Amino acid sequence: MTDGKQIGFRKLAAAGTLKRLLAEHFYELDRAAKAGAPKVAWCTSVGPAELLRALGFLVYFPENHGAMLGASRVATETIPAANAIGYSPEVCSYMTSDIGAFLQKRTPLSDAYKGIEGIPRPDVLVYNTNQCREVQDWLAWYGRHWDRPVLGIECYRGVGNVTDVHVAGIAGQLRALVPPLEKIAGRKLDPAQLREAVRLSRECSDLWKEVLETAAARPSPLTFFDSTVHMAPAVVMRGTQAAVDYYRELLPELKQRISDGVAAVEGERFRLYWEGMPIWGRLRDLATMLLELRTCVVASTYANSWIFTALDPDDPFDSMARAYTELFIVRSDPYKEEYLAEMIDRFAVDGIVFHDSKTCPNNTNCRHGMPQRIFERLSVPSITVAGDLNDLRCYSDEQARTQIEAFVEQLGEATLPRQP
Ligand code: SF4
């Protein structure tokens with residue numbers, strides 16, 4: 001199915017800045033954890049990072065560490081250690097690989113950053129169950145281990161329209177976090193600092209959205225695989241000036257690619273949407289395979305999950321509540337299908353890859369008939385690839401290759417590429 005011509009990855013120049021930024025981020029956390037100041041808060045990926053920053057905490061995201069364990073393929077070796085203490089192989093492999101790595105005294109941070117010996121010990125751990133209950137269990141394990149307070153927000157799930165009732169419920173929980181967090185931080189919340197953190201988060205989100213939307217161009221200057229790398233500041237640094245500055249650097253580079261007609265996938269023939277979690281340990285393989293097939297994954301639910309257009313510095317609590325409840329993963333299937341229809345149209349998508357992620361039912365959307373409903377409604381074909389975000393024992397290279405190659409071949413036979 002490949003045309004035999006060797007083509008390579010086009011690395012974005014901003015990657016150099018990204019590398020430096022991430023090093024600064026992890027060294028800063030490491031120094032703080034060792035010195036005991038500034039205080040360190042662990043936060044789930046869509047937890048109240050803005051509130052924590054406004055209170056002066058440095059913020060560490062364990063899911064990001066989980067993704068590093070997956071991408072470095074260490075996860076498969078560390079998961080059994082968590083299984084051995086009662087965490088099932090069926091539950092979130094971010095959580096099991098992370099707890100297992102801790103038990104084995106391993107972290108990819110030590111390999112990447114000389115002098116860092118472990119993950120930063122928290123002063124407080126803060127979750128939001130908007131993604132899943134697993135994050136609460138995950139932080140609770142570390143809270144017990146280090147005898148540190150675990151605070152959080154219990155979110156609504158399966159939400160259709162986000163109403164004022166939802167917003168009031170979550171905003172109330174956010175406000176209730178302030179007194180205990182102030183006590184741990186040893187300072188009062190300054191409303192101006194909260195507004196500033198929300199402002200920076202919103203700016204980061206808007207720029208990240210613009211970055212992702214460059215992929216609507218044909219050919220696309222960006223692939224899903226690029227976005228799994230370049231999303232890092234939006235994930236771990238939102239609410240900081242550094243994240244904003246990074247996307248101000250990346251965005252013009254992508255716009256220049258569009259002006260120059262530079263494709264992320266040379267000779268782009270087909271455009272796919274990736275639905276579900278990345279398969280972190282196989283990103284490179286999948287990117288290479290699709291490059292050879294001249295097929296670009298132009299959009300994904302995953303990378304879009306760090307777009308928070310509801311954030312409003314003039315109304316921090318209610319807007320954080322709304323932004324974190326409008327999240328795709330929190331929503332009902334009818335909402336998700338509307339969203340996918342819009343994405344398919346905006347990005348001129350020819351087909352969808354649904355990732356059926358074994359240990360993350362929360363971010364797997366192919367198990368209740370959605371691919372079939374999308375096809376009936378839009379005639380957009382899809383495949384479902386069985387795998388996992390981190391546990392490569394749930395993924396077959398052979399099977400995935402055969403499926404994806406056959407799917408792209410079928411796109412070539414059955415359809416003409418859609419024009420934007
Ligand atoms: S959403 Fe999925 S991958 Fe993320 S923490 Fe929850 S179970 Fe794990």
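**Exercise 1. What percentage of the 420 residues in the protein chain is buried?**

Solution. The model is predicted. Count a residue as buried if 20 or more other C-beta atoms lie within 10 Å of its own. Buried residues then make up 50% of the protein chain.

**Exercise 2. Compare the radius of gyration of the protein chain with that of a compact globule.**

Solution. Start with the expected value. A compact globule with 420 residues would have a radius of gyration near 22 Å. Next, take the value for the protein chain, 21 Å. The two agree. Then add the dimensions: the C-alpha trace spans about 65 × 45 × 40 Å along its principal axes. Finish with the contacts. Of those with a separation of 6 or more, 77% join residues 24 or more positions apart.

**Exercise 3. Give the strand order of the open sheet of four strands, and find its edges.**

Solution. The protein chain has 18 helices and eight strands. The open sheet takes four strands, in the order S6-S5-S7-S8, with parallel pairing. Strands S6 (295-300) and S8 (382-387) each have a single partner strand, so one side of each lacks a neighbour in the sheet. These two are the edges. From one strand to the next, the twist averages 30°.

**Exercise 4. Describe how S5 pairs with S6, then place helix H17.**

Solution. Strand S5 covers residues 270-275. Five bridges link S5 to S6 in the parallel sense. Leu272 stands opposite Val297 in S6. Now turn to helix H17, residues 370-378. Helix H17 packs on the sheet and touches S7 (351-357) and S8. The direction of H17 makes about 165° with that of S8.

Technical notes: Residues numbered from 1 in each chain as written. Predicted model: local features only at pLDDT ≥ 70, side-chain atom pairs only at ≥ 80, totals over all residues. Pairing = 2+ DSSP bridges. Axes fitted to C-alpha atoms, helices over the stretch in contact; angles between N-to-C directions. Contact = placed C-beta atoms within 7 Å. Rg over C-alpha atoms; globule rule 2.2 N^0.38 Å. Buried ≥ 20, exposed ≤ 12 C-beta atoms within 10 Å, placed from the backbone.
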